[in-house]
Structure formats: C-alpha cells, structure tokens
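Trainee: I've got a structure to look through and could use some company. Can we go over it together, one question at a time?

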Amino acid sequence: MAIKEYEFWFVVGTQHLYGEEIFADINSHAQEMCSEWSDKLPCRVVAKPCVKTSAEILDIMRQANNDLACAGVITWMHTFSPSKMWIAGLSELSKPYLHVNTQYNRDIPWDSIDMDFMNLNQSAHGDREHGYIHARMRKKVKVAAGYWKDEAFQNKIGIWMRAAVGAAESRKLRVLRISDNMRNVAVTDGDKIEAQIKLGWQVDHYGVGDIIRCVENVTDAEIDAQMAEYEQYYDMDTDNIEAVRYQAREEVAIKKFLDENGFGAFHTNFEDLQQLRQLPGLASQDLMRQGYGFGAEGDWKVAAMTRIMKLMAEGMTDGGTAFMEDYTYHFEPGNEMLLGSHMLEVCPTIAADKPKIQVHPLGIGDREDPARLVFKAQTGNAIVVTLVDMGDRLRMIVNDVECKEQTNDMPKLPVAGVLWKPMPCLQTSAEAWIYAGGAHHSVLSYSLTAEHMRDFAEIMGIEFIHINKDTEINSFKKELFYNDVAYKLGM
Ligand code: MN
C-alpha cells in the first residue's frame with residue numbers, strides 16, 4: 001500500500017454527564033479538525049463518532065485492530081472522559097497509538113466563557129485523566145500537546161504517522177535472501193525469528209541457483225526495455241554495452257522473483273555468485289531507485305530497513321534514502337569527515353546530478369567487470385540508521401549527520417559516495433557508534449529525521465539510541481549501561 005492509502009482514526013472521548021446536546025458539537029469539531037489535518041498531513045485522518053461508554057470504546061478499538069487501512073488511532077478528550085471506561089479498549093488496542101492534548105478554541109474567550117463552555121471544553125484536565133490511564137497501563141503511546149492548527153504540533157503528528165505507516169509495512173515485509181551472510185561476519189547477522197516476532201519481517205533464503213535460472217530465462221526484449229529505462233534515468237558513460245545489458249538481465253530476473261513471491265527487499269552476497277557473471281551493481285542500484293530494500297553481503301537487516309524507510313519517506317520531496325557503508329575517514333584537523341559509499345550498490349535517489357553508468361573492474365568477487373552507477377551525493381542534513389542484534393534485544397542506532405559537497409574527484413575509485421560530518425564530531429560519533437555496537441552498514445536518509453526513527457522504534461518496542469549534537473561519551477556509555485540493566489530486568 002502507498003502511504004496515501006493508509007488512514008488514521010480520530011477517537012474523541014466524552015461521557016453522558018453533560019447531556020446529549022454536546023455530542024453534535026464534539027463531532028462537528030472533530031470533523032473540522034480531521035479535515036484540516038487530512039489536508040496538511042501525510043495521511044487522511046477519519047473522525048469517528050465520539051465515544052461515551054466502555055462498550056463503545058472497546059468496539060472502536062477492536063474495529064481499528066481489524067481494519068487493514070487503519071495505521072493507527074489518535075485519541076483526544078474533548079470533555080472529561082473517565083479513564084476506567086478506557087481500560088478494556090486500550091487493553092486490546094494493538095495499532096500505533098497517539099494521544100493529542102489540544103483544545104478546539106485557541107484562546108480563552110474571556111467575555112463569553114461560562115459553565116456551558118466549560119462543560120464542553122475540558123481537554124486541559126480531561127487529557128490528564130486520559131494520560132494517567134495509559135501511563136498506569138504502561139501502554140506504548142506518543143503524546144503530542146499543542147494547538148491543533150499550529151504547524152509545529154501538526155509536524156509531530158506527521159512524523160508519528162510516517163512511523164506508524166512504517167510499522168504497518170514492517171509487519172508485512174518479506175525479505176529475500178539470495179545466499180547467506182558473508183562468511184564469519186557477525187554484525188550483519190542476527191536472530192531472524194526475533195526479528196519476525198518484533199518487527200514482522202519474514203526473512204527467507206533462496207539458493208543462488210534459483211536466481212540464476214531466472215537470469216537465464218530473461219528475453220532480449222525484456223533487456224531492451226530495461227536498457228531504455230537506464231537511458232531515461234542515467235547517462236551511459238561506457239562503450240561496454242554488453243556488461244550493462246548483463247546487469248539489465250540480472251535486474252529483470254531479480255525484480256520478477258521479488259514481485260512473484262511478494263518480497264519488498266533483498267540482499268546479495270559477493271562470496272556466492274556461482275554462475276552469475278557480474279555481482280549485481282547497477283541492477284541493485286536501479287531496484288533501490290524503485291523502492292526495493294537492499295543490503296550487501298547478506299545483510300538482511302539493513303535490506304529490510306532500507307525498504308521500510310523508503311516507504312516511510314514516500315512523498316517527501318527533499319533528499320532520498322539509500323543503503324550505505326562507512327567507507328573511509330578524512331582526518332584533516334578541524335574538517336574531519338567520513339566518506340560513505342559501497343563497492344557498487346549506492347541508491348541513485350541521493351545523487352546530486354544525473355548518475356553515470358560505468359564499467360570497471362572490481363577487486364573482489366572474482367567475476368567480470370560490473371556495470372554500476374557513479375555519482376556524487378546531495379548536500380544537506382541527513383541521518384544514518386543501523387540495526388543490530390544484542391542477543392536479548394534489537395538495538396537501533398541513529399546518527400545525525402551533515403552531508404557536505406564532495407569537491408574532489410576520485411579518478412581511481414569509481415563509486416558513488418556521500419561525504420558527511422557526523423554529529424557532534426567524527427571522533428565522538430565514531431566512539432559512540434562503536435561503543436553501541438553499530439554496524440558498518442546503515443541506511444542514510446535525507447528525508448527522515450531521528451524523530452521518525454524514534455517513533456518507529458517505540459511503536460515496534462525496540463531499543464533506540466541517538467547520537468546527536470549533544471552526545472557526550474561518558475553519559476552515552478551510562479545510557480548504554482542503564483539500557484542493558486533495564487532489558488535484563490525485562491522492562
Ligand atoms: Mn559492505
């Protein structure tokens with residue numbers, strides 16, 4: 001489903017105490033708010049009739065759980081809605097949950113305010129009664145307070161919505177493993193059963209032979225059509241058209257395999273190519289452009305996260321989202337930076353200019369020279385995100401970074417690259433990332449922010465670690481230690 005096909009339900013709480021006549025006002029206010037939010041936010045918000053009893057609340061939460069288009073529930077207490085009424089419904093709610101603390105009127109109407117007004121507009125205290133019950137129940141919830149027309153307040157809702165859509169997509173994601181992990185590598189591996197329990201990913205292995213059979217069956221006409229797409233998006237900067245046509249053949253085959261089996265992400269492994277003549281480079285890059293998740297060297301976790309983050313960022317006009325690797329350092333004093341890249345497979349959505357298709361030898365993999373896209377990346381703020389298996393839990397690590405202009409060419413290293421300054425500085429960022437056990441593989445996104453990923457991690461119930469401008473190593477290490485203690489206690 002595309003992000004626009006999801007909706008969120010606005011469930012407004014009240015009770016019978018104040019007379020039936022207020023319900024029409026409450027419902028019309030909710031309609032007006034949903035219409036404003038649906039215009040401004042990534043997804044539609046649907047106003048449900050206000051709820052007044054425990055039975056009504058339980059009923060709407062059960063409906064939300066079972067509705068495939070409903071990506072989450074937003075609650076608001078227009079009046080005081082006694083929270084014992086909410087226990088049954090909140091106990092069963094399994095969709096992402098946002099509690100907004102807002103008020104229909106922005107200002108206090110000093111001249112006209114009276115007891116009728118107060119009976120209708122009680123969110124200042126009604127939402128606190130509601131907050132107590134989700135705190136008491138240890139219910140996973142995001143709380144957003146502010147005036148409902150205010151842009152900063154709406155942005156908080158929008159960020160949570162994208163995270164909730166990511167959660168919905170995560171729970172139905174299938175990941176294709178072409179071969180296994182790179183031999184002996186630890187950080188890219190992990191517990192696939194735990195990942196499926198926590199995140200919903202079904203991670204399935206196929207032998208390289210299954211893909212090779214598809215590669216052999218690709219027709220010349222299919223390759224021609226794929227080549228026409230390459231011409232549309234990229235500059236053909238090579239005379240070795242046969243090598244490019246072989247990548248087109250691989251792409252057609254992998255794409256067919258993904259679509260026919262319902263996979264949204266895949267990985268390759270250069271150690272296990274068998275009769276494949278090239279490591280899929282251009283093929284993987286062009287599949288990422290179309291929104292498929294990708295990881296190299298058997299990295300199924302980062303393949304899945306690339307897919308989910310691309311879906312979360314859908315429709316955002318700025319930047320792009322790409323599989324990434326910490327490649328090499330620039331330790332010039334006062335201008336420390338990190339070059340992110342991979343030997344082939346960097347997603348062209350982050351390119352600053354039209355990428356070039358080139359064919360060059362590859363030092364590893366022991367196959368023919370692979371065609372790949374070469375480009376420099378955009379400038380701007382971004383995040384890098386990784387996910388590691390700590391044995392007793394999954395840990396997401398996010399670093400805020402600033403992508404800089406890459407003024408130097410690399411005539412002898414024909415890869416796509418991103419040059420960034422990690423926050424708070426290269427040294428502290430690298431120390432923190434390494435203390436946290438972060439992988440060398442990550443997803444880089446110019447579109448999403450750490451808040452999107454924090455909301456996603458909270459919805460999914462996984463650990464969230466954020467390296468940012470305020471990170472200081474000693475308190476960061478304490479955070480890791482306290483988190484360990486909390487998880488050991490099962491909190
Ligand atoms: Mn790698």
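Trainee: Which residue just after H5 takes a positive phi, and of about how many degrees?

Mentor: Keep in mind that we're looking at a predicted model. Go to the end of helix H5, which covers residues 123–136. Just past that helix sits Arg-138, and its phi is positive, at about 55 degrees.

Trainee: How far does H5 reach from its first C-alpha to its last?

Mentor: Count the residues to begin with: H5 has 14. At 1.5 Å a residue you'd expect 20 Å. The model comes close to that, with a reach of 19 Å.

Trainee: Where around the axis of H5 do its buried residues sit, and what arc do they cover?

Mentor: The buried ones are Ser-123, Gly-126, Asp-127, His-130, Gly-131, Ile-133 and His-134. They're on the same side of H5, because around the axis they cover an arc of only 165 degrees.

Trainee: What covers those buried residues of H5?

Mentor: Look for strands as well as a helix here. The cover includes helix H3 (87–92), along with strands S3 (70–77), S4 (97–101) and S5 (142–145).

Trainee: Let's move on to rings. Why is the pair of Tyr-206 and Phe-257 called what it is?

Mentor: A search of the whole structure turns up 14 aromatic pairs, so there's plenty to choose from when you apply the 6.5 Å cut-off between centres. In this pair the ring centres are 4.9 Å apart. The planes meet at 80 degrees, and over 60 counts, so the name is edge-to-face.

Trainee: How many residues apart are Tyr-206 and Phe-257?

Mentor: Tyr-206 belongs to strand S7 (residues 202–206), while Phe-257 belongs to helix H10 (residues 241–260). The pair therefore links distant parts of the chain, and Phe-257 is buried at 8% relative accessible area. The separation along the chain is 51 residues.

Trainee: Asn-184 and Glu-297 both have a positive phi. Which of them is buried and which is exposed?

Mentor: Neither place is in a helix or strand: Asn-184 is in the loop between strand S6 (174–178) and helix H7 (192–199), and Glu-297 is in the loop between strand S10 (293–295) and helix H12 (300–312). Buried means under 20% relative accessible area and exposed means over 50%. With 83%, Asn-184 is exposed; with 9%, the buried one is Glu-297.

Trainee: Where is the cis peptide bond that leads from Met-423 to Pro-424?

Mentor: Its omega is near -5 degrees. Pro-424 comes between strand S17 (417–422) and helix H13 (426–435), so to speak in the loop.

Trainee: Which element gives the most to the largest nonpolar core?

Mentor: That core has 135 residues, and Phe-10, Trp-201, Met-396 and Met-453 touch the most other members. As for the elements, nine residues come from the one that gives the most, H10.

Trainee: Which residues form one aromatic cluster with Phe-10?

Mentor: Phe-10 has contacts that include Ala-30, Met-33, Val-45 and Ile-74. Trp-37 and Trp-76 are also on its contact list. The cluster partners of Phe-10 are Trp-37 and Trp-76.

Definitions and conventions
Residues are numbered from 1 along each chain as its sequence is written. This is a predicted model: local features need pLDDT of at least 70, side-chain atom pairs count only at pLDDT 80 or more; totals for chains, interfaces and linings use all residues. Side-chain values use heavy atoms; hydrogens and water are left out. Helices (H or I, at least four residues) and strands (E, at least two) are DSSP runs, numbered from the N terminus. The expected span of a helix is 1.5 Å times one less than its number of residues. Buried means under 20% relative accessible area, exposed over 50%, partly exposed in between (1.4 Å probe, protein chains only). The arc is that of the directions from the helix axis to the C-beta atoms. Contact means heavy atoms within 4.5 Å. Rings of Phe, Tyr and Trp (its six-membered ring) pair if their centres lie within 6.5 Å; planes under 30 degrees apart count as stacked, over 60 as edge-to-face and the rest as tilted. A nonpolar core is a set of buried Ala, Val, Leu, Ile, Met, Phe, Trp, Tyr and Cys residues joined through side-chain atoms within 4.5 Å. Lists of a residue's contacts leave out its neighbours within four places in sequence.
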